[in-house]
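Subject: The structure we spoke about, with notes

Dear colleague,

Here is the structure I promised to pass on to you. Please open it beside this message, so that you can follow the notes below residue by residue.

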Amino acid sequence: IDKCAARAEQLKNKKPWEDNMLSIMGDSSRAATDLRLVDVMVDHPDSKINTVINNVFELWKDTSAVALPGRAEPIGLTQLVFLDVGVPGGSNFPLYQDMKDKWIALGIPPEQIAFAHDANTDVQKKELYNRVNAGRVRIIVGTTGKLGAGVNMQKLLFALHHVDAPWTPALMEQREG
């Protein structure tokens, strides 16, 4: 954050194409999510991302065998994680993969974790939504654009995690919808 503040101070001596406030604000937003998205390659144990990883894991454990009306056997409930930065193939640091790797290390089976970005066609999306609604995928990570509109995965939904905030209130409503 201090680095971003210093960049803002230096703007008066720079041309807009060298640096600008929009770029600084974007870097500040990414740094607030995880410093590794900017340039610091230190994985802080108490970072926002690591806190989310631990919270999701604890809820995953706590909701692994829930008795629901109309079901003979207990079932695991699902969680959606909204994260608009660090997406697969679109970031200088693979934050989504980092989260998945840590969840697997904690004991979550890899087949229970999915990225919305892996479903590119309507058929793939429907299959993914069905797996989430059936409890086979219990954690899904995606952006507001991929998970915010026209997505019906709420049958076993227990928790929504908003790791970062979207730019407009309407986008937050889409996430909650």
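The largest nonpolar core of this predicted model has 22 residues, and those with the most contacts inside it are Val81, Leu83, Met99, Trp103 and Ile139. Helices H3 and H4 and strands E2 and E3 each supply at least two residues of this core, and H3 gives the most, with six residues. If you select Val81 and leave aside residues up to four places away in sequence, you will find that Val81 touches Val52, Val56, Met99, Trp103, Ile139, Ile140, Val141, Gly142, Leu147, His161 and Val163. There is also a second, separate core of 13 residues, which includes Val137, Leu147, Val151 and Met153.

For the wider setting, the protein has seven helices and four strands, and read along the sequence they follow the pattern α-α-α-β-α-β-α-β-α-β-α. Of its 177 residues, 41% count as buried. Among the contacts with a separation of 6 or more, 60% are between residues 24 or more positions apart.

H3, which runs over residues 48-62, deserves a slower look. Its 15 residues should span 21 Å at 1.5 Å a residue, and the C-alpha atoms at its ends are indeed 21 Å apart, which agrees. The buried residues of H3 are Ile49, Asn50, Val52, Ile53, Val56, Phe57 and Trp60. They cover an arc of only 155° around the axis, which puts them on the same side of H3.

Next come the aromatic rings. A pair of aromatic rings is described by the distance of the centres and the angle of the planes. A search of the whole structure finds two such pairs. In the pair of Phe57 and Trp60, the ring centres are 5.9 Å apart and the planes stand at 20°, which is under the 30 degrees used as the limit, so the pair is stacked. These two residues are three apart in H3, and therefore about one helical turn separates them; both Phe57 and Trp60 are buried. The other pair, Tyr96 and Phe115, is edge-to-face, with 5.4 Å from centre to centre and 70° between the planes. Because Tyr96 lies in H4 (residues 95-106) and Phe115 in E2 (residues 113-115), this pair ties together parts that are 19 residues apart in sequence. Tyr96 and Phe115 are both buried. When you turn to the ring of Phe115, please look for Lys100 as well, since the charged end of Lys100 sits over that ring, 5.5 Å from its centre.

Helix H5 (residues 122-133) can be read in the manner of H3: its 12 residues should span 16 Å at 1.5 Å a residue, and its end C-alpha atoms are 16 Å apart, which agrees. Its buried residues are Leu128, Tyr129, Val132 and Asn133. Seen down the axis of H5, these buried residues fall within an arc of 135°, so they line one face of the helix, whereas Val123 and Lys126, on the other side, are exposed. The buried residues of H5 pack against strand E1 (78-82), E2, E3 and helix H6 (144-147). After H5 comes Gly135, whose phi is positive, near 85°.

Two single residues remain, and they make a useful exercise in reading burial. Is Ile75, at 12% relative accessibility, buried or exposed? Ile75 is found in the loop between H3 and E1, and at 12%, which is under the 20% limit, it counts as buried. Its C-alpha is 4.9 Å from that of Ala65, although the two are 10 residues apart in sequence. Not counting residues up to four places away in sequence, Ile75 touches Thr63, Ser64, Ala65, Val66, Leu68, Ala134 and Leu156.

Leu157, by contrast, is found in strand E4 (residues 157-162), and with 31% relative accessibility it counts as partly exposed. Leu157 and Gln79 are 78 residues apart in sequence, yet they are 5.8 Å apart in space from C-alpha to C-alpha. Under that rule of not counting residues up to four places away, Leu157 touches Thr78, Gln79 and Leu80.

With kind regards

Technical notes
Residues are numbered from 1 along each chain as its sequence is written. This is a predicted model: local features need pLDDT of at least 70, side-chain atom pairs count only at pLDDT 80 or more; totals for chains, interfaces and linings use all residues. Side-chain values use heavy atoms; hydrogens and water are left out. Rings of Phe, Tyr and Trp (its six-membered ring) pair if their centres lie within 6.5 Å; planes under 30 degrees apart count as stacked, over 60 as edge-to-face and the rest as tilted. Buried means under 20% relative accessible area, exposed over 50%, partly exposed in between (1.4 Å probe, protein chains only). A charge sits over a ring if NZ of Lys or CZ of Arg is within 6 Å of the ring centre and within 35 degrees of the ring normal. The expected span of a helix is 1.5 Å times one less than its number of residues. The arc is that of the directions from the helix axis to the C-beta atoms. A nonpolar core is a set of buried Ala, Val, Leu, Ile, Met, Phe, Trp, Tyr and Cys residues joined through side-chain atoms within 4.5 Å. Contact means heavy atoms within 4.5 Å.
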